[in-house]
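Okay, thanks for making time, everyone. I'd like to walk you through a structure I've been looking at, so let me put it on the screen.

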Amino acid sequence: MAENAGSPAPEPILKIKDLSIAYRSGAGDVRAVRHVDLTLHRGEVVGLAGESGCGKSTLAYGSVRLLRPPAVITGGSVSYHGRRVETDGVDVLAASPEQLRRLRWREIAIVFQSAMNSLNPVLRVRDQMLDALGAHLALTREQRHDRVVELIEMVGIPRTRLASYPHELSGGMRQRVMIAMALAAEPEVVIMDEPTTALDVVVQREILAEIFALKDRLGFSVLFITHDLSLLLEIADRVVIMYAGRAVESGTREQIHVRSSHPYTRGLLTSFPRLRGPRVKLTGIPGSPPDLRGALTGCPFVPRCRFSTDACATIDMALTPVEPAHVSACPFVSAERLDASPASAPAPAPVAALARESSGAVVLEAADLRKSYRLARGVAVEAVAGVSFELRRGKITALVGESGSGKTTVARLLAGQEQRSGGEIRLDGKVIDPASRRGFRSYKETVQMVFQDPFASLNPLHTVRYHLTRALKLHGRDGAELDGLLDQVRLSPPEQYRDAYPHELSGGQRQRVAIARALAAAPRVLLADEPVSMLDVSIRLEMLDLIEELRARLDLAVLYITHDIASARYFADEILVMHGGEIVERGPAEALTQAPSHDYTRLLIASAPDPDAFGRQLRAGRRTAP
Amino acid sequence: MSALAAPADPLPDAQLPATVITAGRREALRRIPVKAKVGAAILIVFIVVAIIGPWIAPYDPAATTIGQALPHGPTGSHLLGTTATGQDVLSQLLSGTRSTVVLGLLTGVIATALSVVIGTSAGFLGGLPDDGLSLLANVFLVLPALPLLVVILGYLPHTGELPTAIVLSVLGWPWGARVIRAQTLSLRGRDFVAAARESGESSVRIIFFEILPNEIGLIAASFVGTVLYAILTSVALAFLGVSNLSSWSYGTMLYWAQGGNAVQLNAWWWYAPPGILVALLGMSLVLLNFGLDELGNPRLRSAARAGRTGRAGSRSWRPADPTPVLRELPTERS
Ligand SMILES: Nc1ncnc2c1ncn2[C@@H]1O[C@H](COP(=O)(O)OP(=O)(O)O)[C@@H](O)[C@H]1O
Ligand code: SF4
Ligand SMILES: [Mg+2]
């Protein structure tokens, strides 16, 4: 890579060779990692990307043998070559539990997926950090106290917060605490599994800047795991793409960014809408990854690949060099061919938002809507502080803001799930009270809300059929319309989904069921609260396209809530930017994103991942926090 | 902590492929923890004895032998010997099981029903009703149960198990009600409840079809716990003589054995069997409770499952151990 050209030949620090890992199970072993090679060099950031379930976490945890049975490592080798280990490399797969105990955390530290939720809720931050240090390092009491203060300030949290309980800290702060703890023993390798996925863009960006500043100072290497490739293109030196348990492409950041030659990588690259450049119609990667039980012959990507041919079903999945340091598992497609047939087309027409009529009839209006919550000791917080807007038929209005800005509360007030503390809601021009007991049922015929987390919004004990037929019956429709409903949300064939339980479905499928359930009421207004934020980047577009299609077909008024302003640009007619309970800026989607006028809107735009601009600032080690 | 130690479950069940979780009825049956199976098996034996015991008892448990003044040890005609008055111990055990088991189950049913009704109402309604019901539960929790029972049961007519069961239930519901309330409170805030409301479900329907089914494990555990409490308490009461002494139960047997100086006379066949059976019955319930806990708590479950799978290696696997390395998968079916 250009920036590294002058530095001495990098030494490998963690070498994973031909590693295979399986989860044993009565119903067939899930072979989650299949013959993966990955080398991490000193001081390097390697990014590991792929959709969820493709084996990233398994690879990372398995390589330090942290997985519990039924996981077993079924082949390969892992060696660690830290400065502090005298021998020339520790054979991790042959190491004794005692050796591993010394290796983990002190040499190789891990920030786990959703780590920030694993702080003990009843212990103050200081005590948790002291406990952790005490358990792993031989330090005196004094030294431990000093170290805790040093660590917490290192990640940019004032030392006074040490006395807080976890719930008193924001998600971002909790994640910083976890990072501080991971760095406590000055490890040489830090494995980060989706460290910022649960955070919104502004916080994500601050934390990434933090990680990079620390890396430059302390000199550790990072294995960074995420399903969001756009992020890696900003931060990683090298990128490894995984699919169905295998590494399918690997190269420098630049190679992957501009010359990726595996169709799957291209799919990931075209999965996220951008804020700059022409507005294009994107496709994502339709379909879902294969079942990992048993052997997969040929290329596992065949069913989802636009270029697949008969030969693909039998090829040997070996990584072959495309150019120096760049390997790909697809022998049939080259970067040139991919460039020639872009998955994304400039879209004057297809991006429906552009083509929509300018005025639909107003269905639902919020006028000076307010909601305050009473906290302990009579203190009240105003979650929504006077918000006014209207939803029109056939229009998508995006409500954009970071978490805690009051977006969800607005939706819940409009849905009647919550009692407002001030303002008016008007339906078809008439003032109504959606939360009132009497009007609620009939109000639901018009206004339906879809919740953020499809893993939580379906009852785990009921089948799809139960969820949908109940909803149909409650709205006076025939339960037999079930299949039509499934068809509307593109869950076909219906037989495959009717009797499935939620846990048998993927996140995307669950969200479709949740949408179908809302459609059972034949509503005119759909309130969608971050409908894609819990889903993989690669399937978000499909979901947005579905909502867009439903809008067009059913002439729905849609309120689309998101923290991702780029997706709002892609998808909405109008954008409302919300901050601290108020709408700080509003305007037509394209105009607002291209010429924002409020500082907060600018910050949102600046924080959105943008491989072309933002990475360089981070990598130069400059603090970019506003 | 989890940045340092292995997480309890680095990959939560939510990420498992569906196919692994729904591996069919057979698999589900296999996944019931061994503890629960053993507990249930023992309990079933007790229930069977409770049903048929009085009929298969070789003697009338109250029939005395005229003139006998000392307990006789086991013989061919009295397999577990006799009491001081010549009553057959085995027959007493066989007949007494019914009363003990019935009292336990009856109390379990009544107290659990109370816990469920009060716990879910408090949790679901929140606000004032919740405050009131929680206060009530707390009052009952601090009441000194045993002395109170002695007093109340001393006044009640001693007919059948029902009065005792009712009194035990009234004193025993708050334990279960508290956990069920807490669970309801947390379920009520979940998105699937809000989503059910979105489709227009009524509150009653939400309680019975959305919330309660998710609490089955908890309710079962609370039931089992209450049965155990009822059995131990009733035995203790009978032993103290606060019970219908003209009927047979493990407790009354212990009472008579104590009164007849069985220990001093070294008549182990008289005092030991009821004690052992109480312990065994208690153990079966405790096992069942542990098992239910494991079933409802994925963390415990995965640890148990891990222990099983790990035995494929050289020795059985402990939770803190590193991921096993198994170069050959024995059951590779591809
Ligand atoms: N305990 C487990 N038992 C069986 N299969 C599992 C288990 N944990 C993960 N898997 C499966 O292994 C595969 C890889 O999962 P994971 O490593 O979590 O992927 P990623 O981190 O890329 O999302 C998936 O198919 C997942 O469902
Ligand atoms: S091998 Fe075939 S199916 Fe696989 S990525 Fe290449 S073209 Fe597509
Ligand atoms: Mg993962």
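**Buried charges, a strand, and a greasy patch**

Let me start right in the interior: A:Arg176 has a relative accessibility of 10%, so this arginine counts as buried. Before I go on, please keep in mind that this is a predicted model.

So what does A:Arg176 meet in a salt bridge? The partner is A:Glu210, with N to O at 2.7 Å. And A:Glu210 is buried too, with a relative accessible area of 7%. Now look at where the two sit. A:Arg176 is in helix α5, residues 171–182 of chain A, and A:Glu210 is in helix α6, residues 201–218, so this pair ties together parts that are 34 residues apart in sequence.

That's one salt bridge, and the structure holds 38 of them over all chains. I picked out a couple more for contrast. A:Arg293 pairs with A:Asp291, where the closest N and O atoms are 2.6 Å apart. Are those two buried or partly exposed? A:Arg293 comes in at 21%, and since buried means under 20%, this arginine counts as partly exposed. A:Asp291, at 38%, is partly exposed as well.

Then there's A:Arg477 with A:Glu481, whose side chains meet in a salt bridge at 2.7 Å, N to O. A:Arg477 has 25% relative accessibility and counts as partly exposed, and A:Glu481 is partly exposed at 31%.

There's also a network: salt bridges link A:Glu11, A:Arg42, A:Arg83 and A:Glu188.

Okay, on to a strand I like. This is β6 of chain A, residues 108–111. Here A:Ile108 and A:Ile110 point one way, A:Ala109 and A:Val111 point the other way, and all of them are buried. The alternation is what you'd expect, because in a regular strand the side chains alternate between the two faces of the sheet. Which strand is β6(A) joined to? That would be β7 of chain A, residues 189–193; the two run parallel, and four bridges join them. If you want a place to click, the bridge partner of A:Ala109 in β7(A) is A:Val190.

While we're on backbone, here are some oddities for the torsion-angle people. The peptide bond from A:Ser492 to A:Pro493 is cis, with omega near 0°. A:Pro493 belongs to the loop between α15 (482–488) and α16 (495–498) of chain A.

Next, A:His35. This residue isn't a glycine, yet its phi is positive, about 50°. A:His35 is in strand β2, residues 30–41 of chain A, and at 45% relative accessibility it counts as partly exposed. A:Asp368 also has a positive phi of about 50° without being a glycine. Its place is in strand β15 of chain A, residues 362–374, and with a relative accessible area of 35% A:Asp368 is partly exposed.

Now over to chain B. How many helices and strands does chain B have? It has 13 helices and zero strands. Chain B has 334 residues, and buried ones make up 42% of them. Of the chain B contacts with a separation of 6 or more, 69% are between residues 24 or more positions apart. On the outside, chain B exposes about 16200 Å², and carbon and sulfur atoms supply 68% of that.

There's a nonpolar surface patch here worth zooming in on. It covers about 670 Å² and is made by B:Leu146, B:Val150, B:Val151, B:Ile152, B:Tyr155, B:Phe239 and B:Leu240. Which element gives the most to that patch? It's helix α6 of chain B, residues 145–155, with five residues. As for B:Phe239, that one is found in helix α10, residues 216–239 of chain B, and at 37% relative accessibility it counts as partly exposed.

Last bit: confidence. For chain A the mean pLDDT is 85, and 92% of its residues reach 70 or more. Where does pLDDT stay under 50? One such stretch is residues 1–6 of chain A, for which the model has seven contacts beyond four places in sequence. Another is residues 621–626 of chain A, below 50 too, with 11 contacts in the model beyond near neighbours in sequence.

Right, that's my tour. Happy to spin the view around if anyone wants a closer look.

Note on methods. Residues numbered from 1 in each chain as written. Chains lettered and ligands numbered in written order. Predicted model: local features only at pLDDT ≥ 70, side-chain atom pairs only at ≥ 80, totals over all residues. Heavy atoms only, no water. Buried < 20%, exposed > 50% of the residue type's maximum accessible area, 1.4 Å probe, protein only. Pairing = 2+ DSSP bridges. Salt bridge = Lys/Arg side-chain N within 4 Å of Asp/Glu carboxyl O. Patch = residues over 30% accessible without salt bridge, like charges linked within 9 Å, V, L, I, M, F, W, Y side chains within 5 Å. Areas by Shrake-Rupley, 256 points an atom, 1.4 Å probe, with all protein chains shown as cover. pLDDT = per-residue confidence, 0-100. Contact = heavy atoms within 4.5 Å.
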